[in-house]
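The following report considers the sheets, the helices that pack on them, an aromatic pair and a pocket.

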Amino acid sequence: MANASAPKTVLIAPDKFKGSLTASEVADALAVGLRSVGAVRCELLPLADGGDGSVDAAVASGFARHAFVVPGPTGQPVQAIIAFDGVTAVVEVANTCGLGLLPDGRLLPLDASSRGFGEAVLFALSFRPARIVLALGGSASTDGGMGMLTALGYRFLDASGCSLEGNGRNLGLVHSVDAPPGLIGVELIVASDVHNPLCGPDGAPAVFGPQKGASLADVAALDAGLTHFVSVLTSGGFESAASLAEHPGAGSAGGVGFACMLLGASQVSGADYFLDLLDFDARKEGCDLVVTGEGSIDEQTLAGKLPAAVARRSGTRPIIAVAGRSLLPRERWSEMSLSRVYTLTDYTDRDSSKDPGFSVELLRRIGREIGEGLE
């Protein structure tokens, strides 16, 4: 048993296990296991990197949770959540127009819209925040943010002067745009680590369209539609539209990143911004060990995903990673200063990602093993 006079303090700071457990569920399960050992004190800090799960992470860190109803990706009402701490609001694509909100999971790459995200931004504005963090990721649409902009008062007209709904199918029909005044007095921040442009071989349709059900023909149609959309915006007075479309990150969330830039949003690293927003540097002080993790640890993790940012900012403290699986060989753990990597696949041959309850069981077991190692 650990020395009762000198309990160890562990900061549990994971990202979500995508498609299986939220960051809060991962942290809670590990904490149950760690605390079962005895003299272990746990600090829980569920994290996000600006993608799906960002609102949940903000709420878990103390932001107030505000629920409201928006049109989902296909127009059906869905209950969405924003987070607000009196200064900063966090608004998320995934819980307003995300893939997980499609009725019966049916993919609709041409008809899905980002309008719900725009309505979430409007709802956030009603709280008079100083800034709004726009968390992009997990979108069902590839509409260049046309739906979002429509919710914010933009009118996209066809050649007959009729208003168009914002979706991928209508991009190529836009003939003119009627823009409202900007969102004056509010700082807009896109916290994202996606670097794709809007169009072309590395753009939103080509790279992310197939994940949303787009066929080769759909990808070509969406790419042509977005190119046309940019052209109309440029001729309609948005002189920077073409350069913004080529900017890294414009292709995030099916082009919502591009629309956010049109609104004047600044871009920051999602992982580092959320570590600052959720006060990681202060929370790590006094901790003897940091436990981080995500669903899969691999080359992308090393390239700067959240666990790598946590490791980089943990200083000289020992760092342990917990994941659903790891494709990182042991000899490369040192690249993230990891002393150990635990994976659920080490404990079972079953696909635990399909069974959240089983994943929680395994995480509790791993938490206990980590705690026993502190004795």
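The description below begins with the two sheets and then turns to side chains and a pocket.

The model is a predicted one, and two open sheets are described here. They are set out in the table, with their strand order, pairing, edge strands and the average angle between neighbouring strands, direction ignored.

| Strand order | Pairing | Edge strands | Average angle between neighbours |
|---|---|---|---|
| β3-β4-β5-β6-β9-β10 | mixed | β3 (64–71) and β10 (266–268) | 30° |
| β2-β1-β11-β12-β13 | parallel | β2 (40–44) and β13 (338–343) | 25° |

**The mixed sheet**

In the sheet of 6 strands, the pairing is mixed and the order runs from β3 through β4, β5, β6 and β9 to β10. The strands at its edges, β3 and β10, each pair on one side only. Strand β9, which covers residues 187–191, runs parallel to β10 and is joined to that strand by 3 bridges; within this part of the sheet, alanine 191 stands opposite valine 268 of β10. Helix α10, made up of residues 270–277, packs on the sheet and touches β5, β6, β9 and β10, while its direction makes about 120° with that of β9. Another helix, α4 (residues 115–125), lies across β3, β4 (77–84), β5 (88–92) and β6 (131–135), and runs at about 135° to β3.

**The parallel sheet**

The other sheet has 5 strands, and its pairing is parallel. Here β2 and β13 are the edge strands, each with a partner on one side only. Strands β11 (residues 289–297) and β12 (residues 319–326) pair in the parallel sense over 7 bridges, and serine 296 is found opposite arginine 325 in β12. Helix α1, formed by residues 23–35, lies across β1 (8–12), β2, β11 and β12, with a direction at about 170° to β2.

**An aromatic pair**

The structure holds 7 aromatic pairs. In one of them, the rings of phenylalanine 84 and phenylalanine 127 have centres 5.6 Å apart and planes at 45°, so the pair counts as tilted. This pair links distant parts of the chain, since phenylalanine 84 belongs to strand β4 and phenylalanine 127 to the loop between α4 and β6, 43 residues apart.

**The second largest pocket**

Which classes of residue make up the lining of the second largest pocket? By class, the lining has 2 nonpolar, 7 polar and 3 charged residues. The space in this pocket amounts to about 170 Å³. The residues that line the pocket are Pro71, Gly72, Pro73, Thr74 and Gly75, together with Asp111, Ser113, Arg115, Thr150, Glu165, Gly166 and Asn167.

Key:
Residues are numbered from 1 along each chain as its sequence is written. This is a predicted model: local features need pLDDT of at least 70, side-chain atom pairs count only at pLDDT 80 or more; totals for chains, interfaces and linings use all residues. Side-chain values use heavy atoms; hydrogens and water are left out. On a 1 Å grid over the protein atoms alone, a cavity is a set of points where a 1.4 Å probe fits but cannot get out, and a pocket is an open set with protein on both sides within 12 Å along at least five of seven lines; lining residues have an atom within 4 Å of a point. Grid points are joined across faces, edges and corners, and a volume is the space filled by probe spheres set on the points. Ala, Val, Leu, Ile, Met, Phe, Trp, Tyr, Cys and Pro count as nonpolar, Asp, Glu, Lys and Arg as charged, and the others, Gly among them, as polar. Two strands pair if DSSP finds at least two bridges between them. Helices (H or I, at least four residues) and strands (E, at least two) are DSSP runs, numbered from the N terminus. Axes are lines fitted to C-alpha atoms, for helices over the stretch in contact, and angles run from 0 to 180 degrees between N-to-C directions. Contact means heavy atoms within 4.5 Å. Rings of Phe, Tyr and Trp (its six-membered ring) pair if their centres lie within 6.5 Å; planes under 30 degrees apart count as stacked, over 60 as edge-to-face and the rest as tilted.
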